[in-house]
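Visitor: I should like to go through this protein step by step, from its overall dimensions to its local details. Could you guide me?

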Amino acid sequence: MASTLHSFASAADLAGSLADKVADTLSAAIAARGTASIAVSGGSTPKVFFQALSTRDIAWDKVTITLVDERFVPADNPRSNHLLVDANLLQNKAKAARFLPLYQDAASAEEAARLATEKTRAISSPFDIVILGMGGDGHTASFFPGGSNLAKAIDASTPRGIITMEAEGAGEPRLTFTFSSLQDAALLVLHIEGEGKKDVLAKAEGSGDEAEMPIRAVLRRATSPVEIYWAP
Ligand SMILES: O=C1O[C@H](COP(=O)(O)O)[C@@H](O)[C@H](O)[C@H]1O
């Protein structure tokens, strides 16, 4: 499916525009079905966007928020994506939203993935909105180059849900929604910032294996158009 690049003069401009787009899409879903769902990314990029989105005036009590991926660490761990969402998105008006964490207090990451899959099933078939990020190595969600479960994660025939991932560049074991869960969101966004990420995107858009740059799975095979939001 085609992608469209939306470029902005600054990260603040991007955050405001993306927050408006996401708020409008959530409101439209609520008007149509009574509820709405969004899966967001962690990392350093989404912080300002989260802060902008948290102030938008929509029926947040009808919105369920989850993560596209998470480290297998509890929510008070400074590296937890949940903590980032708590501190920046589940604030202001968005405090009324329901948050479904991927991390579960389970004996293993595999058991946590199984529990999280059950708990998120009702909101992910498909998501109204998915916001992806991208690492400098071309990973998205926790689809890491060299990842232990990468082939399964990006195989379109792998069912919707959450699986585990371990990789050299990932630090802790990860929990990640599969490609099939993310690629058909009504609004599918890739949010990246900086000249370096633009270069990584250009490389990913060229030829080469998906296993080397897993973002290629999304750029090449997502059934929803990919809306790329970029600022320097
Ligand atoms: O590991 C992760 O990194 C990516 C990109 O993060 P950034 O710091 O370069 O913005 C992120 O999309 C993913 O959710 C996160 O777990």
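The questions and answers below concern this predicted model.

Visitor: How many helices and strands does the protein have?
Guide: The elements are counted over the whole protein, and their boundaries are used in the answers below. The total is 8 helices and 10 strands.

Visitor: What radius of gyration does the protein have, and what would a compact globule have?
Guide: The C-alpha atoms fill a box of roughly 45 × 40 × 35 Å along the principal axes. For 232 residues, a compact globule would have a radius of gyration near 17 Å. The protein agrees with this, because its own radius of gyration is 16 Å.

Visitor: What share of the contacts with a separation of 6 or more joins residues 24 or more positions apart?
Guide: Burial can be stated beforehand: of the 232 residues, 47% count as buried. Of the contacts with a separation of 6 or more, the share owed to residues 24 or more positions apart is 73%.

Visitor: Which strands form the edges of the open sheet of 7 strands?
Guide: The order of this sheet is β1-β10-β9-β6-β2-β3-β5, with parallel pairing. An edge strand pairs on one side only, and this holds for β1 (3-7) and β5 (98-100). Neighbouring strands are turned by 20° against each other on average, direction ignored. The edge strands are thus named: β1 and β5.

Visitor: What is the bridge partner of Ser 7 in β10?
Guide: Strands β1 and β10 run parallel and are joined by 5 bridges. Within β10, the residue that partners Ser 7 is Trp 230.

Visitor: Which strands does helix α3 touch?
Guide: Helix α3 (residues 81-88) packs on the sheet of 7 strands. Its direction makes about 140° with that of β3. The strands it touches are β2, β3 and β5.

Visitor: How far apart are the end C-alpha atoms of helix α1?
Guide: Helix α1 (residues 11-33) has 23 residues, and at 1.5 Å a residue it should span 33 Å. The distance in the model agrees with this expectation: 32 Å.

Visitor: Which elements do the buried residues of α1 pack against?
Guide: The buried residues of α1 are Leu 14, Ala 15, Leu 18, Val 22, Ala 23, Leu 26 and Ala 29. After the helix comes Gly 34, with a positive phi near 95°. The elements against which the buried residues pack are β2 (36-40), α2 (47-53), β3 (63-67), β6 (129-132), β9 and β10 (226-231).

Visitor: Within what arc do the buried residues of α7 fall?
Guide: In helix α7 (residues 195-205), the residues Lys 197, Leu 201 and Ala 204 are buried. Seen down the axis of α7, they line one face of the helix, because they fall within an arc of 60°.

Visitor: Which exposed residues does the other face of α7 carry, turned away from the buried side?
Guide: The buried side is covered by elements including β9 (187-193) and α8 (215-221). The face turned away from that side carries Glu 195, Gly 196, Asp 199 and Ala 202.

Visitor: Which helix lies across β7 and β8?
Guide: These strands belong to an open sheet of 3 strands, in the order β4-β8-β7 with antiparallel pairing. Its edge strands are β4 (69-71) and β7 (162-165). The helix that lies across β7 and β8 runs at about 160° to β7, and it is α4 (residues 109-120).

Visitor: Which residue of β8 stands opposite Thr 164?
Guide: Strands β7 and β8 (residues 174-177) pair in the antiparallel sense over 4 bridges. Both faces of β7 are covered, with Ile 162 and Thr 164 buried on one side and Ile 163 and Met 165 on the other. Arg 174 is the bridge partner of Met 165. Opposite Thr 164 stands Leu 175.

Visitor: Which peptide bond is cis, with omega near 0°?
Guide: Most peptide bonds are trans. The bond in question leads to Pro 126, which is found in the loop between α4 and β6. It is the bond from Ser 125 to Pro 126.

Visitor: Is Ala 141 buried or exposed?
Guide: Ala 141 lies in the loop between β6 and α5 (150-154), and has a positive phi of about 45° although it is not a glycine. A residue counts as buried with 20 or more other C-beta atoms within 10 Å of its own. Ala 141 has 31 such neighbours and therefore counts as buried.

Technical notes
Residues are numbered from 1 along each chain as its sequence is written. This is a predicted model: local features need pLDDT of at least 70, side-chain atom pairs count only at pLDDT 80 or more; totals for chains, interfaces and linings use all residues. Helices (H or I, at least four residues) and strands (E, at least two) are DSSP runs, numbered from the N terminus. The radius of gyration is taken over C-alpha atoms; the globule rule is 2.2 Å times the number of residues to the power 0.38. A residue is buried if 20 or more other C-beta atoms lie within 10 Å of its own, exposed if 12 or fewer, and partly exposed in between; C-beta atoms are placed from the backbone. Two residues are in contact if their C-beta atoms, placed from the backbone, lie within 7 Å. Two strands pair if DSSP finds at least two bridges between them. Axes are lines fitted to C-alpha atoms, for helices over the stretch in contact, and angles run from 0 to 180 degrees between N-to-C directions. The arc is that of the directions from the helix axis to the C-beta atoms. The expected span of a helix is 1.5 Å times one less than its number of residues.
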